[in-house]
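Please walk through this protein with the sequence and the model side by side, moving from one helix outward to the whole chain.

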Amino acid sequence: MDERLMTTEEVADYFRTVPATCRYWRHVGKGPRSFKVGRRVLYRESDVIAWADAALAAA
């Protein structure tokens with residue numbers, strides 16, 4: 001499976017916000033699923049899109 005992995009900065013760009021917002025979401029258990037590789041936090045692109053779709057459906 002060759003799925004694109006996104007950094008916190010790329011997720012922030014996707015949602016047109018700042019990286020600190022994504023870090024806050026992660027801290028409070030909100031936002032797309034993430035995982036760590038070493039010190040780097042990564043997100044699967046499909047998880048980011050799924051979270052955005054769920055948020056849109058709930059609005």
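In this predicted model, the buried residues of helix H3 are Asp-47, Val-48 and Ala-52. Seen down the axis of H3, these buried residues fall within an arc of 135°, so they line one face of the helix. An α-helix has 3.6 residues a turn, so residues three or four places apart point the same way. The cover over the buried residues of H3 includes strand S1, helix H1 and strand S3, the last of these running over residues 40-44. The length of H3 can also be checked against expectation: at 1.5 Å a residue, its 14 residues should span 20 Å, and because the end C-alpha atoms are 20 Å apart, the two values agree.

From H3 one can step back to the chain as a whole. The protein has three helices and three strands, and when it is read along the sequence these follow the pattern β-α-α-β-β-α. Its radius of gyration is 11 Å, close to the 10 Å that the globule rule gives for 59 residues, so the protein is as compact as a globular protein of that length. The C-alpha trace spans about 35 × 30 × 20 Å along its principal axes, and 25% of the 59 residues count as buried. Among contacts with a separation of 6 or more, 46% come from residues 24 or more positions apart.

Strand S1, one of the elements that cover the buried residues of H3, offers an example of a buried residue in Thr-7, which lies in that strand. Thr-7 has a relative accessible area of 16%, and it counts as buried because this value is under 20%. Which residues does Thr-7 contact, leaving aside its neighbours within four places in sequence? They are Arg-40, Val-41, Leu-42 and Tyr-43, and these positions fall within the range 40-44 given for strand S3.

The charged side chains come next. Side chains of opposite charge can pair when their charged atoms come close. The count here comes to two salt bridges, and Arg-4 takes part in each of them. In one, Glu-10 pairs with Arg-4, with the closest N and O atoms 3.5 Å apart; in the other, the side chains of Arg-4 and Glu-45 meet, again at 3.5 Å from N to O. This pair of Arg-4 and Glu-45 links distant parts of the chain, since Arg-4 sits in the segment before strand S1 (5-7) and Glu-45 in helix H3 (residues 45-58), 41 residues apart. Arg-4, Glu-10 and Glu-45 are thus linked in a network of salt bridges. As for their surroundings, Arg-4 is partly exposed at 38% relative accessibility, Glu-10 is partly exposed with a relative accessible area of 30%, and Glu-45 is partly exposed with 28%.

Another arginine, Arg-33, is found in the loop between H2 and strand S2 (35-37). With a relative accessible area of 57%, Arg-33 is exposed. Not counting residues up to four places away in sequence, Arg-33 touches Tyr-43, Arg-44 and Asp-47, and Asp-47 is one of the buried residues of H3. The C-alpha atoms of Arg-33 and Arg-4 are separated by 14 Å, while the two residues lie 29 residues apart along the chain.

The aromatic side chains complete the tour, for the structure holds four aromatic pairs. One of them joins Tyr-14 and Phe-15 edge-to-face, at 5.1 Å centre to centre with 85° between the planes. Another joins Phe-15 and Trp-25, whose ring centres are 5.7 Å apart and whose planes stand at 85°, so this pair is edge-to-face. The pair of Phe-15 and Trp-25 links distant parts of the chain, with Phe-15 in the loop between helix H1 (8-14) and helix H2 (19-28) and Trp-25 in helix H2, ten residues apart. How exposed or buried are these rings' residues? Tyr-14 is partly exposed at 41% relative accessibility and Phe-15 is partly exposed at 23%, whereas Trp-25 is buried, with a relative accessible area of 14%. Together with Trp-51, these three residues, Tyr-14, Phe-15 and Trp-25, form one aromatic cluster.

Notes:
Residues numbered from 1 in each chain as written. Predicted model: local features only at pLDDT ≥ 70, side-chain atom pairs only at ≥ 80, totals over all residues. Heavy atoms only, no water. Phe/Tyr/Trp six-rings, centres within 6.5 Å; stacked < 30°, edge-to-face > 60°. Buried < 20%, exposed > 50% of the residue type's maximum accessible area, 1.4 Å probe, protein only. Helix = DSSP H or I, 4+ residues; strand = E, 2+ residues; numbered from the N terminus. Salt bridge = Lys/Arg side-chain N within 4 Å of Asp/Glu carboxyl O. Contact = heavy atoms within 4.5 Å. Expected span 1.5 Å × (residues − 1). Arc of directions from axis to C-beta. Rg over C-alpha atoms; globule rule 2.2 N^0.38 Å.
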